[in-house]
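Here's a quick walk through one chain, meant to be read with the model open beside you. Take a look first, then read on.

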Amino acid sequence: MWPSQRGSTSKAWCVRNAQPKPIYVAPFKPEPTRWQRPGPMNLDDWVNFYKWCQVNAVPVERPPIPRVNESPPTYERIPRMQKPSKPVVGWTRCESGGSAKNKEDQDIFCRLSKPRWHRAKYQPPPKELFPYRPRLAYQPRPRPEPGRPADKPKVPCCFQHEDVEAEFWATVRFPVSKSARKTMPSQKDCELSKPKTMPPKPHCPLPPEMLDGPPMRTKMSPRQWRAHLRRLKFLSQPSERMLADLPCFCDRW
């Protein structure tokens, strides 16, 4: 069995709890300044505030920083700057410098840099013009159709008579695409294909005209009839402004 440790444990507990408890000292709270106290400031507070501002809130005048015009950097003054490497002789075409061998190498470089077969500048062909086809919503993207646009008709330079010219333009025909032959025009397309009529078609149908006469009157209720009589009585009276302008003959009677 394990040895009993009750005696040592109880003794340590007694020593630990027999010590006096530390005295709790509340932290020192300084008296709140005038800026921490609620309420308006009195005259003395404002005087102290202005005195504090004259000492601590005045801008400090600092002397201007003198500017020194430094000389441009040189290789001797700045050791980390590297001197430019010497140019390679022979790679630059120069008439005054270089040996004969360098000039021969330069001529070889110029000859090898040129193409062996000279070709003219490529001129792209003009783009084919297709009729404008807007892309409709929820429809496949329009593609160029073979045969469109149709070739322009060959027009003679002159006509012998006006009738010949009119007959020529009356007999000119253009090929109709396959998609146009298979399509079914909608009701709106048929309406737009017709010539415009004046006056334009109304958006909403108009009521049938009353040819027999004026519309029949509806019978008034007793309340409406009394209001109508009251309105007629008021309208039959003369204007107050006109009565005021008329002379008064009450004294004659």
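## The overall picture

Of the chain's contacts between residues at least 6 apart in sequence, 11% link residues at least 24 apart, a contact being heavy atoms within 4.5 Å. This is a predicted model, so local features are held to a pLDDT of at least 70 and side-chain atom pairs to 80 or more, while totals for chains, interfaces and linings take in all residues. Numbering starts from 1 along each chain as its sequence is written, and side-chain values use heavy atoms, with hydrogens and water left out.

The chain has eight helices and zero strands, so from the N terminus the elements read α-α-α-α-α-α-α-α. Both kinds of element are DSSP runs numbered from the N terminus: helices are H or I with at least four residues, strands are E with at least two.

## Surface and burial

Just 4% of the 253 residues are buried. Here, buried means under 20% relative accessible area, exposed means over 50%, and partly exposed is in between, using a 1.4 Å probe and protein chains only. The chain exposes about 28,100 Å², with carbon and sulfur atoms supplying 60% of that. Areas come from the Shrake-Rupley method with a 1.4 Å probe, and for residues only the protein chains shown count as cover.

## Aromatics in helix α2

How many aromatic pairs are there? The count is five, where rings of Phe, Tyr and Trp (its six-membered ring) pair if their centres lie within 6.5 Å; planes under 30 degrees apart are stacked, over 60 edge-to-face, and the rest tilted. One of them is Trp-46 with Phe-49, an edge-to-face pair at 5.8 Å centre to centre with 85 degrees between the planes. Both residues sit in helix α2 (residues 43-56), three residues apart, or about one turn of the helix. Phe-49 also pairs edge-to-face with Tyr-50, at 5.7 Å centre to centre and 65 degrees between the planes. Together, Trp-46, Phe-49 and Tyr-50 make one aromatic cluster.

Trp-46 is partly exposed at 38% relative accessibility, and Phe-49 is partly exposed too, at 24%. Asp-45 is also in helix α2, but Asp-45 counts as buried, at 14%. Setting aside neighbours within four places in sequence, Asp-45 touches Arg-34 and Arg-37.

## Cysteines

A disulfide is a covalent bond between the sulfur atoms of two cysteines. With the cut-off at cysteine sulfur atoms within 2.5 Å, the count is zero. Why does Cys-157 have no bond to Cys-158? Because the sulfur of Cys-157 is 3.8 Å from that of Cys-158, which holds its closest cysteine sulfur, and that is too far.

Cys-157 itself is exposed, with a relative accessible area of 80%. Cys-190 is partly exposed at 34%.

## Toward helix α7

Met-220, Trp-225, Leu-229 and Leu-232 form a nonpolar surface patch with about 380 Å² of accessible area together. Patch members have over 30% relative accessible area and no salt bridge; like charges are joined within 9 Å, and nonpolar side chains (Val, Leu, Ile, Met, Phe, Trp, Tyr) within 5 Å. A salt bridge is a side-chain nitrogen of Lys or Arg within 4 Å of a carboxyl oxygen of Asp or Glu. Leu-232 lies in helix α7 (residues 222-236) and is partly exposed, at 43%.

One backbone detail is worth a look. Most peptide bonds are trans. The bond from Met-198 to Pro-199 is cis, with omega near -5 degrees. Pro-199 sits in the loop between α6 (187-193) and α7.
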